[in-house]
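Please examine the sequence and the structure shown below. The report that follows describes selected strands, one helix and one residue.

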Amino acid sequence: MDTIDTIEKHHLNPVTPGKTTIRYMKKRDITEILEIERQSFISPWTAPMFFESMSSPIYKNFVIERDSMVIGYIMLYSVLDEAHITNFAIRPSHRKKGYGTRLLSFAIDYYKKKGVTDYFLEVREKNHDAINLYRSFNFMVVGKRKRYYSDTNEDALIMHLSLR
Ligand SMILES: CC(C)(COP(=O)(O)OP(=O)(O)OC[C@H]1O[C@@H](n2cnc3c(N)ncnc32)[C@H](O)[C@@H]1OP(=O)(O)O)[C@@H](O)C(=O)NCCC(=O)NCCS
C-alpha cells in the first residue's frame, strides 16, 4: 500500500484550503526530509538514520504532503501494544497551522486500529511547542532522563499517552 488518505478529524485546527495527503515515507523524500530535519533539530538525523528506520519492519514512517511538497514527517516503532515516536517535525514555514496535530492524530489513529494502547516519546524539556502539542493529546510526563541530550546537556521528558 502506497498512499493513505488523510483522515479528517472534527477536533483538528482548520488549515487553509489545498490538497494535503498523509502517506508512507519513501526513499525519494529524503532530500526534503533532511532539509526539514536540519531546520528543526540541533543534532539532526542523517540520511542513513532515516534509511535504517525506513527499512525496519517494526517502524512506520509517514509524511504529510501539501501540493506535492513534503511539509512534515513522523516516525514510530511499535512492540506489542506500545508505540514509540522517535522523530516528528513540521517544516518551519508550515508550523502553527494544525499540520502537526493532523499528523500526530493520524499516526495515533493508525496504531489504535492495530490495538496499540500506549504511546511514548522523549522531548527536550525546553521544547514548549512540542510539549504543548503532546499535552493537547493528553500525553503526560511520566519521567525524566537527566542530561539526555549531550549537545546541550538538556534533560529529556518522557511522555506517555494511555488509551486504555
Ligand atoms: C512540534 C511541532 C511538530 C508542532 O507542529 P505544528 O504543525 O506547529 O503543530 P500545530 O500547528 O498542530 O500546533 C501548534 C500550535 O499552533 C496552534 N495552531 C494550530 N493551527 C493554528 C492556526 N490555524 N492558527 C493559529 N494557531 C494555530 C495550535 O493550537 C498549537 O498551539 P499551542 O502551541 O498553543 O498549543 C513543530 O513545532 C516542530 O516541527 N518543531 C521542531 C521539531 C520538534 O521539536 N519536534 C518534536 C520533537 S519531540
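## Strand β6 and its surroundings

Side chains alternate along strand β6 (residues 118-124): Y119, L121 and V123 point to one face and are buried, whereas D118, F120, E122 and R124 point to the other and are not. This is a predicted model, in which local features need pLDDT of at least 70, side-chain atom pairs count only at pLDDT 80 or more, and totals for chains, interfaces and linings use all residues. Residues are numbered from 1 along each chain as its sequence is written. Helices (H or I, at least four residues) and strands (E, at least two) are DSSP runs, numbered from the N terminus. A residue is buried if 20 or more other C-beta atoms lie within 10 Å of its own, exposed if 12 or fewer, and partly exposed in between, with C-beta atoms placed from the backbone.

Strands pair if DSSP finds at least two bridges between them; the partners of β6 are tabulated here.

| Pair | Sense | Bridges | Opposite residues |
|---|---|---|---|
| β5 and β6 | parallel | four bridges | A83 and Y119 |
| β6 and β8 (residues 154-162) | antiparallel | seven bridges | F120 and H160 |

A right-handed β-α-β unit is formed by β5, α3 and β6; right-handed means that, with the strands pointing away from the viewer, the path from the first strand over the helix to the second runs clockwise.

Within α3, the buried residues are Y99, G100, R102, L103, L104, F106, A107 and Y111. Their cover includes β2 (20-24), β3 (59-66), β4 (69-79), β5 (82-90) and α4 (128-136), where contact requires C-beta atoms, placed from the backbone, within 7 Å.

Terms used:
Contact = placed C-beta atoms within 7 Å.
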